[in-house]
Amino acid sequence: MSATAEKLAFEPGGDFIRDTRREAELYLASAGVRLRGRLQLYAKGAVALGILAGSWISLVFIRPGLVLGLLSLAGVTAGTILVGFCVQHDANHGAYFRTRRANHLLGWSADVLLGISSYTWRVKHNVAHHTYTNVDGYDDDIDQMPFARLMPSQAPRPWYRLQHLYIWPLYSVMVLRWQAGADIAALIRGRIGESTLHPPRGWDLAGFVTGKLVFLTWAVVVPLLVYPWWLVLCGYAGYSMVASLVTATTFQLAHCVEEADFTTSAELRASPRTWATHEVETTVDFCQRNRVLTWLLGGLNFQIEHHLFPRVAHCHYPRLAEIVRRNADLHGVRYTAQPSLRAALRSHQRHLRALGRTGVRAEIEMG
Ligand SMILES: [Zn+2]
């Protein structure tokens, strides 16, 4: 299967990305700008880890009673989401530090604190999703068959008529699915989408195993020593559902909406396009002016900029967005940013409804 993936290639370069990169490099060339971005990233990482650690210590060691206990659980959930969006994501892209080793070490926070293997994440997210965004069969993020139809080339089924309703409970178990072994299943299959997933060896294997053990210890074993099993079960279910819903929604609003392009390997081979144009037209930004949301989501409401510059600290995305949008307009590349969270959610919902109507091509329905 990997041989197929290697054959699917985009046109290199292009005027749009050449001009965009030149301007972005000029902006990032300033030592002050780079330092400010790095300091913001590190401060945010410290806040995320502090909230998670403080809330967990309060929950497990102080046992503060019902109201403060629920607040502490909310803190654990918020801390986990912040680590996911603002620490492990940047680190596993290589945006946190200068060296690969340091980035991988911090990226291990995905294993230890989220219960998700950073080794498999780097193939699922960095390779399958970032290289082949919204390409059927290649981008694992848009493959939810046979539960949901997320792009027009996927076969229709009668139950997809209700997918705009049941997709939300489905999203709410996403993190649990990965924590419960979806990453191990991917390792056994040896691939994610059409990308090869080699078995981890050496330090990667050690990180994979110890990460699972450390996560199980703090998230399940220690709470079971302190609280009754049913309370741990309820707490874990709540934490994991909220983390899943926030994560899935954030990713889906960027790629699984009416304004995003979807394609297949056959279409790409028949009419090749440059990779940068493909990334911009398969991705949608939202709430670019909302600073609070931008902070909380680790810049993932600026996914166009993230896809073009995944190794740049996410604190720079708002400024890069001005550069990308101007050059997209100049070179005839379709650049879309939803003005509000509501508009983005409605677009996702309309997209799901249109694709759910059995046997009718979504483009005609939406026409
Ligand atoms: Zn990413």
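**Side-chain contacts: rings and charges**

Asp-15 is partly exposed, with a relative accessible area of 44%. Arg-18, its partner in a salt bridge, is also partly exposed, at 45%. The model is a predicted one. This briefing covers two kinds of contact: those that involve aromatic rings, of which there are 11 aromatic pairs, and those between opposite charges, which come to 12 salt bridges.

**Salt bridge within a helix**

- In the bridge between Asp-15 and Arg-18, the distance from N to O is 3.0 Å.
- Both residues belong to helix α2, which covers residues 15–28, and because they are three residues apart there, about one helical turn separates them.

**Salt bridges between distant parts of the chain**

- Arg-326 and Glu-23 also form a salt bridge through their side chains, at 2.2 Å from N to O.
- This pair links distant parts of the chain, since Arg-326 is in helix α16 (residues 317–330) and Glu-23 is in helix α2, 303 residues apart.
- Arg-326 has a relative accessible area of 41%, so it is partly exposed.
- Glu-23 has a relative accessibility of 26%, and this residue too counts as partly exposed.
- A further salt bridge joins the side chains of Asp-141 and Lys-124, with 3.0 Å from N to O.
- Distant parts of the chain are linked here as well: Asp-141 is in the loop between α7 (118–131) and α8 (163–171), Lys-124 is in helix α7, and the two are 17 residues apart.
- Are Asp-141 and Lys-124 buried or exposed? Both residues are buried, which means that each has under 20% relative accessible area.

**A network of charges**

- Salt bridges with shared partners connect four residues into one network: Asp-15, Arg-18, Asp-19 and Arg-22.

**Aromatic pairs**

- A pair of rings is described by two values, the distance of the centres and the angle of the planes.
- The count of such pairs in this model is 11.
- One aromatic pair is Tyr-42 with Phe-97, with 5.7 Å from centre to centre and 35 degrees between the planes. Why does this pair count as tilted? An angle of 35 degrees is neither under 30 degrees, as in a stacked pair, nor over 60, as in an edge-to-face pair, so the pair is tilted.
- The pair of Tyr-42 and Phe-97 links distant parts of the chain, 55 residues apart: Tyr-42 is in helix α3 (residues 31–62), while Phe-97 is in the loop between α4 (66–93) and α5 (100–107).
- Tyr-42 is partly exposed at 30% relative accessible area, and Phe-97 is partly exposed at 28%.
- Trp-159 and Tyr-160 form an edge-to-face pair, because the planes of their rings are at 75 degrees, with the centres 5.7 Å apart.
- The two members of this pair fall into separate accessibility classes: Trp-159 is partly exposed at 43%, whereas Tyr-160 is buried at 1%.

**A cluster of rings**

- Ring pairs join four residues into a cluster, namely Trp-56, Phe-61, Phe-215 and Trp-218.

**Charges over rings**

- Which residue has its charged end over the ring of Phe-208? That residue is Lys-212, with its charged end 5.6 Å from the ring centre.
- Arg-319 is placed over the face of Tyr-27, at 5.3 Å from the centre of the ring.

Definitions and conventions
Residues are numbered from 1 along each chain as its sequence is written. This is a predicted model: local features need pLDDT of at least 70, side-chain atom pairs count only at pLDDT 80 or more; totals for chains, interfaces and linings use all residues. Side-chain values use heavy atoms; hydrogens and water are left out. Rings of Phe, Tyr and Trp (its six-membered ring) pair if their centres lie within 6.5 Å; planes under 30 degrees apart count as stacked, over 60 as edge-to-face and the rest as tilted. Helices (H or I, at least four residues) and strands (E, at least two) are DSSP runs, numbered from the N terminus. Buried means under 20% relative accessible area, exposed over 50%, partly exposed in between (1.4 Å probe, protein chains only). A charge sits over a ring if NZ of Lys or CZ of Arg is within 6 Å of the ring centre and within 35 degrees of the ring normal.
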